[in-house]
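Welcome! Here is a short tour of a structure that may be new to you. Please take a look at it first, and then read on.

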Amino acid sequence: LSPYQYWQFWRSCAPADLPRYLRVYSNLPLAEIERLEAIPINDIDRARIALADAATEHFHGCAALPAIHATASAAFGSELSLGTELPTVEAVVGGWLVDLFVQIGFAKSKKEVTRVIQGGGIKLNGNVIDDPRRLIKENDFNVDGKLKISRGKAHHGVGVLRSAAGSGYL
């Protein structure tokens with residue numbers, strides 16, 4: 001697992017597991033663990049992030065955390081930064097959106113992507129996609145030639161614009 005994937009594993013833990021994981025894997029002082037355990041369920045993300053940071057720092061070192069935070073910010077925010085660890089795939093205007101999800105490894109087939117789209121689990125730039133025949137448009141890319149694709153809450157990637165010449169799509 002990359003440092004980001006490792007961090008994301010801890011960041012996504014079930015609320016019921018959080019107290020045990022904090023005590024076993026975080027190496028945080030007991031007083032800090034007790035403070036995090038007392039956080040209300042509606043604010044549990046703070047405790048999950050503290051666990052993810054502590055466990056990742058222990059395994060990958062504190063130098064990995066700034067890049068991980070930048071990646072998380074890019075995945076869950078609106079900015080797509082070049083320095084992220086998100087998976088990347090080339091994208092072309094006029095190409096099929098479903099192809100990006102297969103190429104990046106978020107699905108094994110176009111049929112699988114189509115089922116996920118029908119269930120509302122595919123996003124392009126944070127917007128739910130409802131058409132499996134959706135083509136990639138020029139205005140899907142930001143000024144840096146990037147777009148963000150997401151499958152569910154845990155899988156995020158970046159499509160990078162390439163020219164249509166020789167792409168096989170058009």
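## A first look around

Asn125 has a relative accessible area of 32%, so this residue counts as partly exposed. The model you are looking at is predicted. Asn125 makes a handy starting point, since its loop lies between S2 and strand S3 (127-128). From there we can visit the sheet, a covered helix, some aromatic rings and a pocket.

**Two asparagines with a positive phi**

- Asn125 is not a glycine, and yet its phi is positive, at about 55°.
- Asn27 is likewise not a glycine, and its phi is positive at about 60°.
- You will find Asn27 in the loop that lies between helix H2 (18-25) and helix H3 (30-37).
- Is Asn27 buried or exposed? Its relative accessibility is 55%, and because exposed means over 50%, Asn27 counts as exposed.

**The sheet**

- General background helps here: strands of a sheet pair through backbone hydrogen bonds, and they can do so in a parallel or an antiparallel way.
- In this model, five strands make an open sheet with mixed pairing, and their order is S1-S5-S4-S2-S3.
- Which strands are at the edges? They are S1 and S3, each of which pairs on one side only.
- S1 and S5 run parallel and are joined by four bridges.
- S4 and S5 run antiparallel, with six bridges between them.
- S2 and S4 also run antiparallel, and three bridges join them.
- Some partners can be picked out by name: Lys123 has Ser150 in S4 as its bridge partner, and Leu147 has Gly159 in S5.
- Gly159 in S5 also has Val89 standing opposite.
- S4 and S5 form a hairpin with three residues between the strands, and Gly152 in this hairpin takes a positive phi near 65°.
- S4 is mostly covered, as five of its six residues are buried.

**Helix H6 and its surroundings**

- Helix H6 spans residues 97-104 and is mostly covered, with six of its eight residues buried.
- Which residues of H6 are buried? They are Leu97, Val98, Asp99, Leu100, Phe101 and Ile104.
- Several sheet strands help to cover these buried residues, including strand S1 (88-91), strand S2 (122-124), strand S4 (146-151) and strand S5 (155-161).
- Helix H7 (110-118) is also part of what covers the buried residues of H6.
- Just after H6 comes Gly105, which takes a positive phi of about 95°.

**Aromatic rings**

- As general background, two numbers describe a pair of aromatic rings: the distance of the centres and the angle of the planes.
- How many aromatic pairs are there? The count comes to eight aromatic pairs.
- One of them is formed by Phe9 and Trp10, an edge-to-face pair with 4.9 Å centre to centre and 80° between the planes.
- Trp10 has a relative accessible area of 6%, so this residue is buried.
- Another pair is formed by Phe101 and Phe106: the ring centres are 6.3 Å apart and the planes are at 55°, so the pair is tilted.
- Both rings of that pair belong to buried residues: Phe101 has a relative accessibility of 0%, and Phe106 has one of 10%.
- Ring pairs also link Tyr6, Phe9, Trp10, Tyr21, Tyr25 and Phe59 into a cluster.

**The second largest pocket**

- As general background, empty space shows up when a probe the size of a water molecule is rolled over the atoms.
- The second largest pocket holds about 260 Å³ of space.
- This pocket is lined by 13 residues, and those closest to its centre are Tyr4, Gln5, Pro87, Ala154 and His155.
- Which elements supply at least two residues each of the lining? Helix H1 (3-11) and S5 do.
- H1 gives the largest share of the lining, four residues.
- Sorted by class, the lining has seven nonpolar, five polar and one charged residues.

How values were computed: Residues are numbered from 1 along each chain as its sequence is written. This is a predicted model: local features need pLDDT of at least 70, side-chain atom pairs count only at pLDDT 80 or more; totals for chains, interfaces and linings use all residues. Side-chain values use heavy atoms; hydrogens and water are left out. Buried means under 20% relative accessible area, exposed over 50%, partly exposed in between (1.4 Å probe, protein chains only). Contact means heavy atoms within 4.5 Å. On a 1 Å grid over the protein atoms alone, a cavity is a set of points where a 1.4 Å probe fits but cannot get out, and a pocket is an open set with protein on both sides within 12 Å along at least five of seven lines; lining residues have an atom within 4 Å of a point. Grid points are joined across faces, edges and corners, and a volume is the space filled by probe spheres set on the points. Ala, Val, Leu, Ile, Met, Phe, Trp, Tyr, Cys and Pro count as nonpolar, Asp, Glu, Lys and Arg as charged, and the others, Gly among them, as polar. Two strands pair if DSSP finds at least two bridges between them. Rings of Phe, Tyr and Trp (its six-membered ring) pair if their centres lie within 6.5 Å; planes under 30 degrees apart count as stacked, over 60 as edge-to-face and the rest as tilted.
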